[in-house]
Amino acid sequence: MTDDFRVRLNKIADRLSSDELLSNKGLGNEIGFWIFDYPPERELELRSFIDGVLLPGMAKRQPAVRPAVVNLFDLIIDLLEDRKLYDRVLDIQAKKGDAAALAALRPVLKEDKLAERIANQIDFDQVDVLLLTGVGAAYPMLRSHTLLAGLQATMKDKPVVMFYPGRYDGFSLRLFNTLADDHYYRAFRLVE
């Protein structure tokens, strides 16, 4: 029996190094946003593949493809620590629960501000593609479809690939294959 997930993983490197993706060709003037959806239960396997196979392989390509990787959960934690809010949010969660902690985070974790923070971390002259990971870990603090909308103004001509634990059918995102994350029409599936 063929492991469809493994087959799809093995197509990523060729796709990321394709002229079509890197130059946003063939998109009909659409933004170069791509989604690699995968079974959520394969998260650890995906992480291992990105770190151990994909990133080293991109450097060996001719010409080399220079990805920037942003883990969205780490981005949130760094932001909270920079603003001296991390311990405070943990305290709110411990004393008042998850809903109160999320309410306290909403003004801080605006997707447009996170998109701006991502863009400020990237030297666009040194990067060919942005890879977003940690989507599942960042939920429910961050909604992926609104982050992608926030990135539209900041990514210039660089393609963005989001590794998404769930299903994307070309019209809507379904986080963990159960939670509807709203409709998002501006992204393309990275590999079938």
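These legends go with several close-up views of the structure.

The model is predicted, and local features need pLDDT of at least 70, side-chain atom pairs count only at pLDDT 80 or more, while totals for chains, interfaces and linings use all residues. Residues are numbered from 1 along each chain as its sequence is written, and side-chain values use heavy atoms, with hydrogens and water left out.

**View 1. Strand 4 and its partners.**
Strand 4 covers residues 160-168. Strands here are DSSP runs of E with at least two residues, helices are runs of H or I with at least four, and both are numbered from the N terminus. Of the 9 residues in strand 4, 8 are buried, so the strand is largely enclosed by the rest of the structure. (Buried means under 20% relative accessible area, exposed over 50%, and partly exposed in between, with a 1.4 Å probe and protein chains only.) Strand 1 (residues 33-38) runs parallel to strand 4 and is joined to it by 6 bridges; look for Ile35 opposite Met162 of strand 4. Strand 3 (residues 129-133) also runs parallel to strand 4, with 3 bridges joining them, and here Leu130 stands opposite Val160 of strand 4. Two strands count as paired if DSSP finds at least two bridges between them.

**View 2. The hairpin of strand 4 and strand 5.**
Strand 5 (residues 172-175) runs antiparallel to strand 4, and 3 bridges hook them up. To find your way along the pair, use Tyr168, which stands opposite Leu173 of strand 5, and Arg167, which stands opposite Arg174 of strand 5. The hairpin has 3 residues between the strands, and Gly170 takes a positive phi near 95°.

**View 3. Val161 and its surroundings.**
Val161 sits in strand 4. Its relative accessible area is 0%, so Val161 counts as buried. Skip the neighbours within four places in sequence, and Val161 is in contact with Leu16, Trp34, Val129, Leu130, Leu131, Leu132 and Leu190. Contact means heavy atoms within 4.5 Å. Pro67 is 94 residues away from Val161 in sequence, but their C-alpha atoms are 9.9 Å apart in space.

**View 4. Helix 1 against helix 3.**
Helix 1 (residues 4-16) and helix 3 (residues 43-60) cross at roughly 30°, and their axes come within 11 Å. That angle makes helix 1 roughly parallel to helix 3. Axes are lines fitted to C-alpha atoms, for helices over the stretch in contact, and angles run from 0 to 180 degrees between N-to-C directions. Angles under 35 degrees count as roughly parallel, over 145 as roughly antiparallel, 65 to 115 as roughly perpendicular and the rest as oblique. From helix 1, the contact is made by Phe5, Arg6, Leu9, Asn10, Ile12, Ala13 and Leu16, and from helix 3 by Glu45, Leu46, Phe49, Leu54 and Met58. Sorted by class, the residues of this contact between helix 1 and helix 3 come out as 9 nonpolar, 1 polar and 2 charged. (Ala, Val, Leu, Ile, Met, Phe, Trp, Tyr, Cys and Pro count as nonpolar, Asp, Glu, Lys and Arg as charged, and the others, Gly among them, as polar.)

**View 5. Glu43 in helix 3.**
Glu43 is found in helix 3. With 18% relative accessibility, Glu43 counts as buried. Leaving out residues up to four places away in sequence, Glu43 touches Tyr38 and Pro165.

**View 6. Helix 7 against helix 9.**
Helix 7 (residues 111-121) packs on helix 9 (residues 144-151) at an angle of about 55°, with the axes 8 Å apart. That makes helix 7 oblique to helix 9. Helix 7 brings Glu111, Leu114, Ala115 and Ile118 to the contact, and helix 9 brings Thr146, Leu147, Gly150 and Leu151. By class, the contact of helix 7 with helix 9 has 5 nonpolar, 2 polar and 1 charged residues.

**View 7. Ile122 in the loop after helix 7.**
Ile122 lies in the loop between helix 7 and strand 3. Its relative accessible area is 10%, so Ile122 is buried. Beyond its neighbours within four places in sequence, Ile122 is in contact with Val127, Leu130 and Met155. Met155 is 33 residues from Ile122 along the chain, and their C-alpha atoms are separated by 9.4 Å.
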